[in-house]
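Subject: The structure you asked about

Hi there,

Here is the structure I promised to pass on. Have a look at it in your viewer first, and then read my notes below.

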Amino acid sequence: MKKTAFLFPGQGSQSVGMGKDIYEKYDAVKAIFDKGREVTGLDLARLCFEGPMAELTETVNLQPAVTAINLSFLSILTREGILPDISAGHSLGEYSALCAAGVISESDTLKLVHRRGELMHREALKHQGAMAALIGLPIESVQELVDKTEGIVSVANHNAEKQIVITGSPEPVNAVSEAAAARKAKAVPLKVSGAWHSSLIQEAEAEFENVLRSVPFSPPASPVIHNVTADTAQEPEAVRALMSRQLCSPVRWYDSVLRLMSEGVKVFVEAGPGKVLTGLLKKTLPRDYPCDICNINDLPGLEAFLKAVK
């Protein structure tokens, strides 16, 4: 099989009903949801399959819910003998990528994202935040606008060459958005409950570092491209340190996709709810780059992929 990357989505990919069809077919998926309930105390099956959307999208619920779906697809693929040559995940999704590489177990993955969600929710209640997507400007121009603006505002995600998310306090985020719009960019406020990947949630970082230290990390069986560096790390302690920094650092997704290209990846498999990462791949990969992009977010998509690779 051609060099294959598993990609795992994060917050923003959720929908009510996600994963229900594979849950009903695969005992391995039921086992993951049972494990999730045991680890988090949340009825993840009800949240994923019934919602309501407002409850599902609360970050304290959403992080383990999306992760349970990611791990469900991963579990099916690995049981079919399909393993990644390399993995990456967008923000929250990076924990699923670590699980795919054997760095952390399924149970510990669910434990970490649940606590991560609790801490982020706590900080969001303490510090009002905002995020906005800026479309049409390169990262250098956005960084220039951020640097000129007073107050707490920074780059949260570099998703595609000219698709960048900013984060911080509401007024500075609005000021950068207006400045970007004056340069003919499109500025879209995002419906979020906190300023993710900003210094406004910095107080959670030290506490989360202790949570990370409570979980064993193993050397990766296959490489993971990390959000913070768009690079790999081999030593468990180095990976743990990167995951601590990830909470408040920008997600370098655009650079991560370029790195996957440089690694010779020819099959990109988005495994999890939604199609966000598939869309970003299509914005980033050159039209003449020889590859297959596979989106596995439901039973038909899974069955089509398995049929194609068998």
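Ala230 sits in the loop that runs between strand E7 (224–225) and helix H11 (236–246). Please keep in mind as you read that this is a predicted model. The phi angle of Ala230 is near 55 degrees, which is a positive value in a residue other than glycine. Most residues other than glycine have a negative phi. Ala230 has a relative accessible area of 8%, so it counts as buried.

Ser91 also deserves a look. Its phi is positive, at about 55 degrees, although Ser91 is not a glycine. You will find Ser91 in the loop between strand E2 (86–89) and helix H6 (93–100). Is Ser91 buried or exposed? With a relative accessible area of 11%, Ser91 is buried.

Another backbone feature is at Pro52. The peptide bond that joins Gly51 and Pro52 is cis, with omega at about 0 degrees. Most peptide bonds are trans. Pro52 belongs to the loop between helix H3 (44–50) and helix H4 (53–56).

Now for two threonines. Thr40 lies in helix H2, which covers residues 27–40. Because its relative accessibility is 11%, and the limit for buried is under 20%, Thr40 counts as buried. What does the side chain of Thr40 reach at 2.7 Å? That partner is the backbone oxygen of Gly36. The side chain of Thr40 also reaches the backbone nitrogen of Leu42, at 3.0 Å. If you leave aside neighbours within four places in sequence, Thr40 is in contact with Pro64, Leu110 and His114.

Thr59 is found in helix H5, residues 59–79. Its relative accessible area is 2%, so Thr59 is buried. The side chain of Thr59 makes a polar contact with the side chain of Gln63, at 3.0 Å. Which residues does Thr59 touch once neighbours within four places in sequence are left aside? They are Gln11, Pro64, Gly117, His121 and Trp196. Pro64 thus appears among the contacts of Thr59 and among those of Thr40. For a sense of scale, Thr59 and Ala156 are 97 residues apart along the chain, and their C-alpha atoms are separated by 17 Å.

Next, the largest pocket. Its volume is about 700 Å³. There are 31 residues in its lining, and the closest to the centre are Gln11, Gly12, Asn157, Leu190 and Val192. Gln11 was also named above as a contact of Thr59. The elements that give two or more residues to this lining are H5, helix H7 (106–126), strand E3 (130–135), strand E4 (153–160), strand E5 (163–168) and helix H13 (276–284). Sorted by class, the lining has 14 nonpolar, 15 polar and 2 charged residues.

Finally, the cysteines. How many disulfides does the structure hold? The count is 0. Take Cys294 as an example: the closest cysteine sulfur to its own is in Cys291, at 9.1 Å, and a disulfide needs the two sulfur atoms within 2.5 Å, so this pair is too far apart for a bond. Cys294 is buried, with a relative accessible area of 18%. Cys248 is buried as well, and its relative accessible area is 13%.

Happy exploring, and write back with any questions!

Best wishes

Note on methods:
Residues are numbered from 1 along each chain as its sequence is written. This is a predicted model: local features need pLDDT of at least 70, side-chain atom pairs count only at pLDDT 80 or more; totals for chains, interfaces and linings use all residues. Side-chain values use heavy atoms; hydrogens and water are left out. Helices (H or I, at least four residues) and strands (E, at least two) are DSSP runs, numbered from the N terminus. Buried means under 20% relative accessible area, exposed over 50%, partly exposed in between (1.4 Å probe, protein chains only). Contact means heavy atoms within 4.5 Å. A polar contact is a pair of N or O atoms within 3.5 Å; within protein, one must be able to donate a hydrogen and the other to accept it, and residues adjacent in sequence count only if both atoms are side-chain atoms. On a 1 Å grid over the protein atoms alone, a cavity is a set of points where a 1.4 Å probe fits but cannot get out, and a pocket is an open set with protein on both sides within 12 Å along at least five of seven lines; lining residues have an atom within 4 Å of a point. Grid points are joined across faces, edges and corners, and a volume is the space filled by probe spheres set on the points. Ala, Val, Leu, Ile, Met, Phe, Trp, Tyr, Cys and Pro count as nonpolar, Asp, Glu, Lys and Arg as charged, and the others, Gly among them, as polar.
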